[in-house]
Amino acid sequence: MLWYSLLIASVVMLLGWLYEGKTRNAGVVDVLWAGLMAFLPVYYAVLSEGDWLLRLVAGGLMSLWYLRLFWHLSGRVFSEAEDGRYAYLRQYWGDKAHRNHFFFFQFQALLAFVFTLPVWWLAQAQNHNTVTVILAVLLALIAITGVSRADHQLQQFRSKPENKGKVCENGLWYYSRHPNYFFEWLHWFCYPLMAIGVAGGGWLWLAPVVMLAFLYFVTGIPYTEQQAIRSRGDAYRRYQQTTSAFIPWRKKHASD
């Protein structure tokens, strides 16, 4: 079952790469990644024979989280021009762009496989801790409320033509440059919480650590901010000087 999921992810991303070659829209990789992150947890939950509550909650939480992201990204990617991050890479890579995208898409398949492993492991466990499962559900509700609010605030800002080229500082974006990433990270604490009291579950605490590393140093904040500076220039640089990069916090003066 486990290795079949890696094969599924690889084939899905292969089809996405073929689509990218025809449409020159590499943003589809984000949609497919979110789709895999929604599908694979259900796949594990249905086919495993572990504790029914852990299968239901772990599989359901991750699937619903990324189904929301899949829906959100689909509406944007298929109705707008290629995201500026990918347009920049296409220009930077030149004639090698389509070839390089193949490896990038397959890397995203591997990430989807790795990041859904916590659900696979929980779906094999034979017992649960009711208290920590409840805590995980409550934390997930907080996280999904926060990220949905942040996405809505940004979408409302971007929908107004007069805001083109400006920096969104509405609502949660006033306190964090990436509140959506913060709540994404917060949600990842649900899985180690559910593993408390389950033998061998300590490794799941790596999940929020690894996700933080990716969001903060690899695929999240660095690429997003590079594109923001290219498109918004000094306005975004001022935003960087006054606003927390990740954890929502009070504003600073540019001179602080």
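Both R90 and E82 are buried. The structure shown is a predicted model, and this pair of residues offers a suitable point of entry.

R90 and E82 are joined by a salt bridge in which the closest N and O atoms are 2.8 Å apart. R90 has a further partner: its side chain also meets that of E20 in a salt bridge, with an N to O distance of 3.0 Å. Because R90 belongs to helix α4 (residues 84-93) and E20 to helix α1, this second pairing ties together parts of the chain that are 70 residues apart in sequence. The burial of these residues can be stated in figures. R90 has a relative accessibility of 10% and therefore counts as buried, since buried means under 20% relative accessible area. E20 is likewise buried, with a relative accessible area of 1%. Taken together, E20, E82 and R90 are linked in a network of salt bridges. In general terms, side chains of opposite charge can pair when their charged atoms come close.

In total, the model contains 9 salt bridges. Another of them is found in helix α12 (residues 234-242), which holds both D234 and R237. The closest N and O atoms of D234 and R237 are 2.9 Å apart. Because these two residues are 3 positions apart in the helix, about one helical turn separates them. Here the setting is one of partial exposure: D234 has a relative accessible area of 49%, and R237 has one of 38%. Both values fall between the limits of 20% and 50%, so each residue counts as partly exposed.

Attention may now return to helix α1, which spans residues 2-23 and includes Y4. Y4 is exposed, with a relative accessible area of 57%. Y4 also takes part in a nonpolar patch on the surface, together with L7, V11, L14, L15 and L18. The accessible area of this patch amounts to about 580 Å².

The loop between α1 and α2 (28-47) contains R24. The backbone of R24 deserves notice, for its phi is near 55°, a positive value in a residue other than glycine. Most residues other than glycine have a negative phi. R24 is exposed, its relative accessible area being 54%.

The model also contains pockets, and the second largest of them has a volume of about 330 Å³. Of the 14 residues lining this pocket, those closest to its centre are H72, G75, R76, D151 and Q155. Two helices, α3 (52-77) and α7 (130-158), each supply at least two residues of the lining. The largest share comes from α7, which provides 6 residues. By class, the lining is made up of 7 polar, 5 charged and 2 nonpolar residues.

A last stop lies further along the chain, in helix α10 (residues 206-218), where Y216 is located. With a relative accessibility of 31%, Y216 counts as partly exposed. Y216 and Y181 are 35 residues apart along the chain, and their C-alpha atoms are separated by 8.7 Å.

Notes:
Residues numbered from 1 in each chain as written. Predicted model: local features only at pLDDT ≥ 70, side-chain atom pairs only at ≥ 80, totals over all residues. Heavy atoms only, no water. 1 Å grid on protein atoms, 1.4 Å probe; cavity = no way out; pocket = protein on both sides within 12 Å on 5 of 7 lines; lining within 4 Å. Points joined across faces, edges and corners; volume = space filled by probe spheres on them. Helix = DSSP H or I, 4+ residues; strand = E, 2+ residues; numbered from the N terminus. Nonpolar A, V, L, I, M, F, W, Y, C, P; charged D, E, K, R; others polar. Patch = residues over 30% accessible without salt bridge, like charges linked within 9 Å, V, L, I, M, F, W, Y side chains within 5 Å. Areas by Shrake-Rupley, 256 points an atom, 1.4 Å probe, with all protein chains shown as cover. Salt bridge = Lys/Arg side-chain N within 4 Å of Asp/Glu carboxyl O. Buried < 20%, exposed > 50% of the residue type's maximum accessible area, 1.4 Å probe, protein only.
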